[in-house]
Amino acid sequence: MTDERRFRIGVLGSGKGSNFVAIADACAAGTVAAEVALVVSDVAEAGILARARERSIPARFIPPGKFRTRLDEDAERAYVAALQTAEVDLVVLAGFMRVLKDGFLRAFAGSIVNIHPSLLPSFPGLAAWQQALAHGVRVTGCTVHFVDAGVDSGPIIGQQTVPVLDDDTPETLHQRIQAAEHALYPQCV
Ligand code: GRF
């Protein structure tokens, strides 16, 4: 036993939480030298909260406030306070469907990362795998990057390529990209 403080991760997500699971499992297995200290969602019934609670990881729904694509001021303060109280060293966005604004970015400057289902800077924004299919690219993938004030911009930390197959549907391509995400994100963290 050691009482050395471990590196603490806070995860924000709005969806099913498969990337959170990959990171939490890597922490539990010791391949990532960290612990997930807190999971926060803007969706009360999000799978990511259930997956966290199954693992006895603190998980909170914090209402996002009055806007659709970002946190309002009170919500931003509540998110920052929750993550600071949990003493997180790194904020990991795992399918968090809101753009983070100045107050949040300043509170965790240089310590926020995101994963996106394309080889950025190609196909930022929503449904990147559909954009890849629509453009007919033969190779796509996923990208982990630091978060700045833009949408899916910020310095790139790591990427993994994924082939696009002739008979791919949006669903099969998305699944192949997600499998790559689950390998890439823990490595980058
Ligand atoms: C991932 O595909 C990620 O690239 C995008 O949102 C999705 C989250 O999936 N930003 P999950 O909730 O981790 O399963």
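In helix α2 (residues 47-54) of this predicted model, the buried residues are I48, L49 and A52. They span an arc of only 100° around the axis, so they end up on the same side of α2. What sits on top of them? The cover over the buried residues of α2 includes β1 (7-12), α1, β2 (34-41) and β3 (59-61).

A50 is also part of helix α2, but with a relative accessibility of 33% A50 counts as partly exposed. Along the chain A50 is 34 residues away from K16, while the C-alpha to C-alpha distance between them is 8.8 Å. Just past the end of α2, S56 adopts a positive phi of about 60°.

**The cores**

In soluble globular proteins, nonpolar side chains tend to be buried together. Here the largest nonpolar core has 36 residues, and the members that touch the most others are V11, F20, V36, V39 and V92. Helix α1 (residues 18-29) supplies the largest share of this core, with six residues. There is another core lying apart from it, made of 21 residues, including L83, L100, L105 and F108.

V39 gives a good view of the surroundings in the largest core. Setting aside neighbours within four places in sequence, V39 contacts V11, F20, I48, L49, A52, I57, P58, A59 and R60. That list brings back I48, L49 and A52, the buried residues of α2.

**R98 and its partners**

Now for a charged residue. Is R98 buried or exposed? With a relative accessible area of 14%, R98 is buried. R98 belongs to the loop between β4 (90-93) and α4 (102-107). Its side chain makes a polar contact with the side chain of D42 at 2.6 Å, and the R98 side chain also reaches the backbone oxygen of R70 at 3.0 Å. Not counting neighbours within four places in sequence, the contacts of R98 are D42, P64, F67, R68, T69, R70 and L71. Two of those residues have an arrangement of their own: the charged end of R70 sits over the ring of F67, 4.0 Å from the ring centre.

**Aromatic pairs**

How many aromatic pairs does the structure hold? There are two, and here they are side by side.

| Pair | Centre to centre | Angle between planes | Type |
|---|---|---|---|
| Y79 and F96 | 6.0 Å | 50° | tilted |
| F104 and F108 | 5.3 Å | 45° | tilted |

Y79 is in helix α3 (residues 73-85) and F96 is in the loop between β4 and α4, so this pair ties together parts 17 residues apart in sequence. Y79 and F96 are both buried. In the other pair, F104 and F108 are buried too, and F108 has already come up as one of the members of the 21-residue core.

**Backbone oddities**

Most residues other than glycine have a negative phi, and most peptide bonds are trans. So a few spots in this model deserve a look. L120 and P121 are joined by a cis peptide bond, with omega at about 15°. P121 is in the loop between β5 (112-116) and α5 (128-135). F123 is in the loop between β5 and α5 as well, and F123 has a positive phi of about 55° despite not being a glycine. With 11% relative accessibility, F123 counts as buried.

D152 is another non-glycine residue with a positive phi, near 55°. Where is D152 found? D152 is in the loop between β6 (139-146) and β7 (156-163). D152 counts as buried at 19% relative accessibility, given that the cut-off for buried is under 20%.

**Over at α5**

To finish, take A132 in helix α5. At 0% relative accessibility, A132 counts as buried. What does A132 touch, leaving out residues up to four places away in sequence? The answer is F123, V137, T140 and L173, so F123, the residue with the positive phi, turns up again as a contact of A132. A132 and I48, a buried residue of α2, are 84 residues apart in sequence and 26 Å apart in space, C-alpha to C-alpha.

How values were computed: Residues are numbered from 1 along each chain as its sequence is written. This is a predicted model: local features need pLDDT of at least 70, side-chain atom pairs count only at pLDDT 80 or more; totals for chains, interfaces and linings use all residues. Side-chain values use heavy atoms; hydrogens and water are left out. A nonpolar core is a set of buried Ala, Val, Leu, Ile, Met, Phe, Trp, Tyr and Cys residues joined through side-chain atoms within 4.5 Å. Buried means under 20% relative accessible area, exposed over 50%, partly exposed in between (1.4 Å probe, protein chains only). Helices (H or I, at least four residues) and strands (E, at least two) are DSSP runs, numbered from the N terminus. Contact means heavy atoms within 4.5 Å. A polar contact is a pair of N or O atoms within 3.5 Å; within protein, one must be able to donate a hydrogen and the other to accept it, and residues adjacent in sequence count only if both atoms are side-chain atoms. The arc is that of the directions from the helix axis to the C-beta atoms. Rings of Phe, Tyr and Trp (its six-membered ring) pair if their centres lie within 6.5 Å; planes under 30 degrees apart count as stacked, over 60 as edge-to-face and the rest as tilted. A charge sits over a ring if NZ of Lys or CZ of Arg is within 6 Å of the ring centre and within 35 degrees of the ring normal.
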